[in-house]
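Student: I want the reasoning behind the labels, not just the labels. Can we go through a few?

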Amino acid sequence: PGAGIGLAAPTILAHGDDGLKSRFLLPILTGEHSWCQLFSEPSNGSDLAGLTTRADLDGDEWVINGQKLWSTSAHHADYGLLLARTDFDVPKHKGITAFVLPMHQPGVEARPLLQMNRHSSFNEVFITDARIPGDHVIGQPGEGWRVALTTLAFERRFGSVRRTPRDKAAGRAVAEAEAEADEYFATYSWYPQRAGRTDLAVPRAQANGSSRDPLVRGGLASLLSMQRAHQLTAQRAAAALARGVSPGATGSLGKLGLSNVARAAADVHSAIIGADGMLTGADGDAVVAEVLISVPAQSIAGGTDEIQHNIIGEQLLGLPREPAVDRDMPFREIRRGGTAS
């Protein structure tokens with residue numbers, strides 16, 4: 001489950017050599033190894049290619065220094081899917097390399113972040129002189145951007161789905177698997193609220209009588225229509241994936257659709273419950289309150305809505321590329337924070 005099956009496995013399968021595949025794919029499949037994604041950084045926002053975490057070759061190992069942010073489950077991951085800069089003298093997209101980072105080593109520190117919804121799914125990760133074996137490079141040095149595009153395409157269609165064992169009385173193995181699943185999915189317990197919980201809208205409107213309000217009824221109709229359209233788009237993408245078609249830029253359609261549904265759901269919930277949406281616990285509706293403060297994350301995680309619009313416009317609609325003065329400059333010459341890198 002999680003970043004292992006959803007992100008690391010398809011990335012290694014697409015770009016890894018036979019050694020990486022034989023070493024990592026089976027433990028991902030069996031759940032022996034857990035993974036996290038180490039892409040985003042605090043200093044470059046949505047400009048992933050502007051990352052500054054560096055990897056320097058020292059004999060047959062790479063030495064890593066830098067900081068990553070918003071890394072889900074990094075505090076208990078065995079391995080990280082890492083992007084680091086290996087060449088500062090070429091354009092920013094060409095100097096990046098993808099690695100498998102062993103997380104349980106000196107120099108790797110993951111600190112959970114307290115979110116405004118009181119969950120702590122994300123981490124900031126500090127990497128200081130951590131070491132990566134030379135054979136843990138995914139693809140070739142300098143080809144990390146191409147590898148990252150594969151990961152991001154799967155991330156934008158990626159979700160954590162729990163599958164309950166068929167036989168609840170099957171014995172110790174099932175009980176242990178359930179306990180492990182409980183621990184793992186606790187990280188994602190708020191994700192349904194982040195997606196808007198559209199399933200709660202109609203029952204709540206009926207319960208408090210607001211379903212008779214024409215404005216609420218109009219909002220509900222719009223929300224459910226939008227949700228159904230998104231579901232059909234997702235089904236089409238799933239059918240293409242089953243035929244062996246990589247999600248590519250179409251993953252951005254799904255990501256943007258999720259954001260639109262979540263925001264519409266938050267608006268409808270607000271109209272239904274009113275000011276009580278600001279309350280939690282016994283004096284309010286805790287689930288709706290959590291929806292309202294969790295939904296903004298849907299438009300940020302996995303690439304902001306603005307980034308998805310750019311991808312859709314450029315790669316699916318054929319619109320002109322967004323101007324970028326630093327696209328072909330050596331990364332070392334790009335001014336960052338008032339100075340060159």
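**Labels and their cut-offs**

Tutor: With a relative accessibility of 34%, R263 counts as partly exposed. Keep in mind that this is a predicted model.

Student: Why is R263 called partly exposed?

Tutor: Buried means under 20%, exposed means over 50%. R263 has 34%, so the label is partly exposed.

Student: What makes R263 and D305 a salt bridge?

Tutor: The N to O distance is 2.7 Å. The cut-off is 4 Å, so the pair qualifies. R263 lies in helix α8 and D305 in helix α10, so the bridge ties together parts 42 residues apart in sequence.

Student: Is D305 buried or exposed?

Tutor: D305 has 6% relative accessibility. Buried means under 20%, so D305 is buried.

Student: How do you know that K92 and D47 form a salt bridge?

Tutor: Their closest N and O atoms are 3.1 Å apart. The limit is 4 Å, so this pair counts. K92 lies in the loop between β4 and β5, and D47 in the loop between β1 and β2, so the pair ties together parts 45 residues apart in sequence. D47 and K92 are also linked with D326 in a network of salt bridges.

Student: Why is α6 called roughly parallel to α8?

Tutor: The two helices pack at an angle of about 10°. Angles under 35 degrees count as roughly parallel, so the label fits. The axes are 10 Å apart, and the crossing is left-handed.

Student: Which residues make that contact?

Tutor: A201, R204, A205 and N208 of α6 meet V268, H269 and I272 of α8. They divide into four nonpolar, two polar and one charged.

Methods:
Residues are numbered from 1 along each chain as its sequence is written. This is a predicted model: local features need pLDDT of at least 70, side-chain atom pairs count only at pLDDT 80 or more; totals for chains, interfaces and linings use all residues. Side-chain values use heavy atoms; hydrogens and water are left out. Axes are lines fitted to C-alpha atoms, for helices over the stretch in contact, and angles run from 0 to 180 degrees between N-to-C directions. Helices (H or I, at least four residues) and strands (E, at least two) are DSSP runs, numbered from the N terminus. Angles under 35 degrees count as roughly parallel, over 145 as roughly antiparallel, 65 to 115 as roughly perpendicular and the rest as oblique. A crossing is left-handed if the near helix is turned anticlockwise from the far one by less than a right angle, and right-handed if clockwise. Contact means heavy atoms within 4.5 Å. Ala, Val, Leu, Ile, Met, Phe, Trp, Tyr, Cys and Pro count as nonpolar, Asp, Glu, Lys and Arg as charged, and the others, Gly among them, as polar. A salt bridge is a side-chain nitrogen of Lys or Arg within 4 Å of a carboxyl oxygen of Asp or Glu. Buried means under 20% relative accessible area, exposed over 50%, partly exposed in between (1.4 Å probe, protein chains only).
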